[in-house]
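I opened my notebook to record what I looked up in this structure. I went from the whole chain down to one helix.

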Amino acid sequence: MRKKIVAGNWKMNMTFDEGQKLTSEIVNMYKDENVKDVVAILNPPFPHIFPVKKLIGGVEGISLGAQNCSDKEAGAFTGEVSAKIIASFGVEYVILGHSERREYFQEDNEILATKVKEALANGLKPIFCCGESLDIRTAGTHEPNVKFQLTQSLFDLSPEDFSKITIAYEPIWAIGTGKTATADQAQEMHAALRRHIASHYGKEIADNTSILYGGSCNPKNAQEIFSKPDVDGGLIGGASLKSRDFVDIIKSF
Ligand code: PEP
C-alpha cells in the first residue's frame, strides 16, 4: 500500500518566530484532531530545520524535509548545503526539481539526476517535482514532456533506489496562481506517470509509488483532487503557511 502524503513547501517564507508558531500549531492540531494514515512533511527553509525538528519531536506521522540539496558532495561551495549535512540533522525528505529551482536556478534534468543520486546516497528520500508550462499544456504535449522529466532524472536508478522516491506532479501554470488543475486533469497525468513508471520498473513498484499533486491546492479543492485513485496527496505551497488550512488539507482524504 502506498503512503498518503501531504508535504508543505514553505519556500522562502517564515521568520524564526513565525516558523515556531506555525509548527507548534500544526503539531498540536495533528495530535488533537487524531489525524491517521497521512504522513505530513514540513519543508522549511534551511535555518528552521533544527528548531522545527525539535518541535516535531517524536510525533508519529510528521516528518521533516528540506527544499533542496547540493549536487556536490562536500567542499568549497559557499552557500550550498549538501545532502550529507541535511541528513545529519535528522531530515528524512528533500524536495528536488521544483519548477522554481528549474526556472530561477537553471536546474535541468541532468543536474537533478545528480542531486537525486546524492540525496539517496545520504539516506534522504527525494520528493521529485515534475510538471509542464502553460505553453506545453496548450500545445497538448504535456504528457510526453512530463514523462521525459522522469526518464531523464530518475530512470537510471536501481529499482531499490527508485522505491524511495515520491513524485510530485505540479503543473507550472497552477503553482501560486490560484488556478488549480481539475481533479480529472490531475488523475489523467498521475495515471500516465504511473503507467510510465510501470513500463520501466514494473507494476509493483509503480503501484507503491506515491504521486502527489501540487498547484494551488487548498482546503476547498483538496478533497475532490485527493479522491482520485492515482492521487496520493499533495505538495502544498501557499496553504502550508496557515496551520488551519494545512491541517484541513491533510484531513481531506
Ligand atoms: C508549490 O510551490 O509546490 C506549490 C504547489 O505552491 P502553491 O500551493 O502555492 O501553488
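My entries follow in the order I made them.

**Whole chain.** I noted that this is a predicted model. I counted 12 helices and 8 strands in the protein chain. Next I looked up the radius of gyration, which is 17 Å. The globule rule gives 18 Å for 253 residues, so the chain is as compact as a globular protein of that length. Along the principal axes, the C-alpha atoms fill a box of roughly 45 × 45 × 35 Å. Buried residues make up 44% of the 253 residues. I also checked contacts with a separation of 6 or more: 72% of them join residues 24 or more positions apart.

**Ligand.** Which residues are closest to the ligand? I found Ile175, Gly176, Gly214, Gly237 and Gly238, out of 13 that surround the ligand. By class, this shell has 5 nonpolar, 7 polar and 1 charged residues.

**Helix α9.** This helix covers residues 183–201. At 1.5 Å a residue, its 19 residues should span 27 Å. The end C-alpha atoms are 26 Å apart, which agrees. I listed the buried residues of α9: Ala186, Met189, His190, Leu193, Arg194 and Ile197. Seen down the axis, they fall within an arc of 140°, so they line one face of the helix. On the other side of α9, I found Asp184 and Ser199 exposed.

**Neighbours of α9.** What do the buried residues of α9 pack against? I wrote down three helices, α7 (142–154), α10 (203–208) and α11 (222–226), and two strands, β6 (166–169) and β7 (211–214). Last, I looked just after α9, where glycine 202 takes a positive phi of about 95°.

Technical notes
Residues are numbered from 1 along each chain as its sequence is written. This is a predicted model: local features need pLDDT of at least 70, side-chain atom pairs count only at pLDDT 80 or more; totals for chains, interfaces and linings use all residues. Helices (H or I, at least four residues) and strands (E, at least two) are DSSP runs, numbered from the N terminus. The radius of gyration is taken over C-alpha atoms; the globule rule is 2.2 Å times the number of residues to the power 0.38. A residue is buried if 20 or more other C-beta atoms lie within 10 Å of its own, exposed if 12 or fewer, and partly exposed in between; C-beta atoms are placed from the backbone. Two residues are in contact if their C-beta atoms, placed from the backbone, lie within 7 Å. A residue is near a molecule or strand if its C-beta atom, placed from the backbone, lies within 6 Å of it. Ala, Val, Leu, Ile, Met, Phe, Trp, Tyr, Cys and Pro count as nonpolar, Asp, Glu, Lys and Arg as charged, and the others, Gly among them, as polar. The expected span of a helix is 1.5 Å times one less than its number of residues. The arc is that of the directions from the helix axis to the C-beta atoms.
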